[in-house]
Amino acid sequence: MATGSGSLMWFRKGLRIHDNPALERASGASSFLYPVFVIDPRYMAPDRRAFSPGSSLAGLNRIRFLLESLSDLDSSLRKLGSRLLVLKGDPGEVLVRCLKEWNINKLCFEYDTEPYYQSLDEKLKSFASSAGIETFSPVSHTLFNPADIIEKNGGRPPLSYQSFVKLAGKPLWESSTLNLSISSLPPIGDVGSMEISEVPTIIELGYSDSELVDETPFRGGESEALKRLKEFLPNKAWVANFEKPKGDPSAFDKPDTTVLSPYLKFGCLSSGYFYQCLNDVYRDVKKHTQPPVSLLGQLLWRDFFYTVAFGTPNFDRMKGNRICKQIPWDERDELLAAWREARTGYPWIDAIMVQLKKWGWMHHLARHCVACFLTRGDLFVHWEKGRDVFERLLIDSDWAINNGNWLWLSCSSFFYQYNRIYSPISFGKKYDPNGNYIRHFLPVLKDMPKEYIYEPWTAPLSVQTKAKCIIGRDYPKTVVGHDSASKECRRKMGEAYALNQRLNGSVSEQDLKNLRRKLEEDRTEEDEELDGFLVKSVVDTHRILRSGACSSISAHRDSLF
């Protein structure tokens, strides 16, 4: 057991040295410092039952990104006379053992708003308090403390971006000098009987070489985050003119955005430092975009979703979520699987899903397209199902932001103009008429002429043969017809909205079942009416043919079939 004062710095997010108040506090006035990361088997251990390589909670790309971030952190700590102590097991149990065995009198970790960590942190704080251990858990993952914003709003989170920005104002530390470097750290004390390891490799975690096929081009770590930041900040015109939702979602060689989201997610980059860097640029240029569309506006969006998520029970689900519209989503797993596995038959949608699987990242407009397609646009599949896929595969998957965006894009909360639907054909075409993005991520279509690249099913068989891509054999047929499917989705959304309004949001499970039954019955009646119309049309056609009026028939027939 170590003698003298000992501090334990628990890393989880906040995987950085710069602007890390928890690390700064842990290293101050301490004889020994124990920088700890606990590998949670729930997050890291292979789960062969999952639909993609990875654990039960995370795909392999995000696990790899995390390991790279940990290795980079370990390297930075070693330069300061320390190292990262990697332990394995349930974080709560492991940390209690550390606190007991290492004679710790100060426990420091960055505040986290996620429900899982909120529960875990309360248990650790309770133990620390009973053991006379000081606990320091500063808010440094976000620009603002969500609890402060909620208190200002009378105990409830603001539900619009504008109201959030008005309440938040400017960060109290905006003009402060952030501590961007540390000269040295206290030595590590005696670790006793605790089993300490190095940052493991993917293989050491139990994954096989065959599972390492898809690899994101974005490497994890604070060093990489700061490098990316320094590469684009000198381009002040680009920073000043950045305007979301503009940008080219089809740009893949050089993405048309910062790609800093995974580094913010893991805290490899301080959001506060990023905020100050942007303000420095804005001061140097005469004119720049403003929130909500500016880069600074995107940071505020991040805080907005964190605040709403923190103050909304059951934020990650439809049931029991007071801000979520109750909608009778379809439960057809075959449609979810086709979307998830890039088999919808719509090249723009499928290419995005391939990029997600291979890279663990895609442009925000690409995310909008596939999320809309799965939910209110075409397939009418529950947003929670799509959320789960993103949560697993994205390297920047963030609990608050991922759920918030799916609520938004499914028109379940925040945004309610459900008639505005992204076309799976024309939207991508306006950015990339030649279909280079599709050709890259769907090489089966690489020889398809650009006239058909977004709608290959319309290509004559001779063209498909020449392109070596027969629809229905080499590339799937469309799972739904967009025009009819989007019309049906709008009808269902309209009925669901009417039900929510009529019942003032208090929609029960039985109400949803009744509405689902009604929608199916209405659909059946429409199909019967259409069948009757088609039968009558065929009879009329035969009568016209028998009468010899052949000259007028071709246009009529083509309009029907």
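Which strands does helix α4 lie across, and at about what angle does it run to β1? The legends below take up that question and then move on to other close-ups of this predicted model.

**View 1. Helix α4 lies across four strands of the sheet.** Helix α4 spans residues 91-101, and the strands it lies across are β1, β2, β3 and β4 (104-108). Its direction is at about 165 degrees to that of β1.

**View 2. Five parallel strands make up an open sheet.** Reading across the sheet, the order is β3-β2-β1-β4-β5. The edges belong to β3 (85-88) and β5 (134-136); each has a single partner strand, so one side of each is left without a neighbour in the sheet. From one strand to the next, the twist averages 30 degrees.

**View 3. Strands β1 and β2 pair in the parallel sense.** Here you can follow β1 (residues 6-11) alongside β2 (residues 32-39), joined over six bridges. For a handy landmark, look for M9, which stands opposite P35 in β2.

**View 4. A region annotated in UniProt covers residues 5-143.** The UniProt record, an unreviewed entry, lists this stretch as "domain: Photolyase/cryptochrome alpha/beta". In the model, the chain over residues 5-143 is 42% helix and 19% strand. The C-alpha atoms at the two ends of this stretch are 32 Å apart.

**View 5. Helices α13 and α16 cross at roughly 30 degrees.** The axes of α13 (residues 333-340) and α16 (residues 383-393) come within 11 Å, and the crossing is right-handed. On the α13 side, the contact is made by D333, L336, W339 and R340, while α16 brings K385, G386, V389 and F390. Sorted by class, this contact has four nonpolar, one polar and three charged residues.

**View 6. W301 and F305 form a tilted aromatic pair.** A search of the whole structure finds 40 aromatic pairs, and this close-up shows one of them. The ring centres are 6.1 Å apart, with 35 degrees between the planes. Why does the pair count as tilted? Planes under 30 degrees apart would count as stacked and over 60 as edge-to-face, so a pair in neither range is tilted. Both residues belong to helix α12 (residues 295-310), where they sit four residues apart, about one turn of the helix.

**View 7. The loop between α9 and α10 holds P245 and V259.** This loop runs between α9 (236-241) and α10 (261-265). The peptide bond from K244 to P245 is cis, with omega near 15 degrees. In the same loop, between α9 and α10, lies V259; its phi is near 55 degrees, a positive value in a residue other than glycine.

**View 8. A cis peptide bond links P291 to P292.** Omega for this bond is near 10 degrees. You will find P292 in the loop between α11 (271-284) and α12.

Terms used. Residues numbered from 1 in each chain as written. Predicted model: local features only at pLDDT ≥ 70, side-chain atom pairs only at ≥ 80, totals over all residues. Heavy atoms only, no water. Pairing = 2+ DSSP bridges. Axes fitted to C-alpha atoms, helices over the stretch in contact; angles between N-to-C directions. Contact = heavy atoms within 4.5 Å. UniProt positions renumbered as here; feature names shortened; annotations may be inferred. Left-handed = near helix turned anticlockwise from the far one by under 90°. Nonpolar A, V, L, I, M, F, W, Y, C, P; charged D, E, K, R; others polar. Phe/Tyr/Trp six-rings, centres within 6.5 Å; stacked < 30°, edge-to-face > 60°.
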